[in-house]
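Here are a few exercises to work through with the sequence and the 3D view side by side. Try each task before you read its solution.

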Amino acid sequence: MSDPYASRTSLHEQVIDGFGTVRVLPLDPGADAAVIHRWVGEERAAFWGMTGLTERQVADTYAHMATLDTHHAHLVVRDGEPVALLQTYEPEADRVSECYDVRPGDIGVHLLLAPAGPGGVRTGWTARLVTAIAGYVLLGLDRRRVVVDPDVRNEKAVARFLKLGFAPGPVVVLPEIDLPDVYLPEKKAQLAFLDREILFPA
């Protein structure tokens with residue numbers, strides 16, 4: 001099967017034995033909207049906050065993000081199959097900065113995994129994928145620490161991050177954002193942090 005993403009430039013590419021080639025691509029709001037819309041529309045993605053949006057609205061949301069210097073969206077593909085939506089952001093330019101002391105070298109991450117394939121959930125699959133994503137975020141972007149802020153009700157995501165080696169931080173309330181271009185409701189979140197040395201000892 002040919003790779004529909006082969007012509008797109010990778011920000012990061014990593015071959016993982018027994019797993020495949022993982023590539024991190026800049027999200028193309030137009031070309032990738034159908035895939036992302038399908039993922040965010042599922043009930044399991046309710047905490048992503050986009051379940052009610054049309055494909056056009058999803059495309060517009062990411063087209064707006066593409067104009068920002070502080071927030072970036074990426075499509076993660078494995079052997080030509082899209083497997084995750086990765087968003088990175090500068091914590092000091094985000095509402096999370098009101099809830100913890102941002103350190104130099106911090107980077108914020110939001111991660112939405114694709115639904116499980118026909119084979120269902122596979123043991124170790126997420127850990128190997130996240131290893132490649134962490135390679136991009138921590139080594140490729142030369143950052144010291146990742147911060148995540150899943151909704152406290154999203155117990156699955158919180159448990160997954162802790163299992164991957166993240167250290168739990170405080171439970172905080174992210175303030176509502178109400179701007180012409182973006183609206184985000186107030187969110188009670190579990191902060192968690194991953195130091196680069198945990199995954200990549202010097």
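## Exercise 1: A pair out of the solvent

Lys187 and Asp149 are both buried. Keep in mind that this is a predicted model.

**Task.** Find out how the side chains of Lys187 and Asp149 meet, and which parts of the chain they tie together.

**Solution.**
- Start with the contact: the two side chains form a salt bridge, with 3.6 Å from N to O. That is inside the 4 Å cut-off for a salt bridge.
- Next, place the partners. Lys187 sits in strand 10 (residues 187-195), while Asp149 is in the loop between strand 6 (145-148) and helix 4 (155-163), so the bridge ties together parts that are 38 residues apart in sequence.

## Exercise 2: Two more salt bridges

**Task.** For the Asp32–Arg8 pair, say whether each partner is buried or exposed. Then do this for Arg23 and Glu13.

**Solution.**
- As background, side chains of opposite charge can pair when their charged atoms come close.
- Asp32 and Arg8 meet in a salt bridge at 2.7 Å, N to O. Asp32 lies in the loop between strand 2 (20-26) and helix 1 (33-40), and Arg8 in the segment before strand 1 (12-16), so this pair ties together parts 24 residues apart in sequence.
- Now apply the cut-off: buried means under 20% relative accessible area. Asp32, with 2%, is buried, and Arg8, with 19%, is buried too.
- Arg23 and Glu13 also form a salt bridge, at 3.6 Å from N to O. Arg23 belongs to strand 2 and Glu13 to strand 1, so the pair ties together parts ten residues apart in sequence.
- Here the partners fall into opposite classes: Arg23 is buried at 9% relative accessible area, whereas Glu13 counts as exposed at 51%.
- One last step: salt bridges that share partners join Asp3, Glu13 and Arg23 into one network. The count of salt bridges comes to eleven.

## Exercise 3: The cavity

**Task.** Which element gives the most to the lining of the largest cavity, and how do the lining residues divide into nonpolar, polar and charged?

**Solution.**
- Begin with the count: there is one cavity of 30 Å³ or more, and its volume is about 120 Å³.
- Look at the lining, which includes Val109, Leu111, Val130, Phe161 and Leu194.
- Strand 5 (106-113) and helix 3 (125-140) each supply at least two lining residues. Helix 3 gives the most, with four.
- Finally, sort by type: eleven lining residues are nonpolar, with no polar and no charged ones.

Notes: Residues numbered from 1 in each chain as written. Predicted model: local features only at pLDDT ≥ 70, side-chain atom pairs only at ≥ 80, totals over all residues. Heavy atoms only, no water. 1 Å grid on protein atoms, 1.4 Å probe; cavity = no way out; pocket = protein on both sides within 12 Å on 5 of 7 lines; lining within 4 Å. Points joined across faces, edges and corners; volume = space filled by probe spheres on them. Nonpolar A, V, L, I, M, F, W, Y, C, P; charged D, E, K, R; others polar. Buried < 20%, exposed > 50% of the residue type's maximum accessible area, 1.4 Å probe, protein only.
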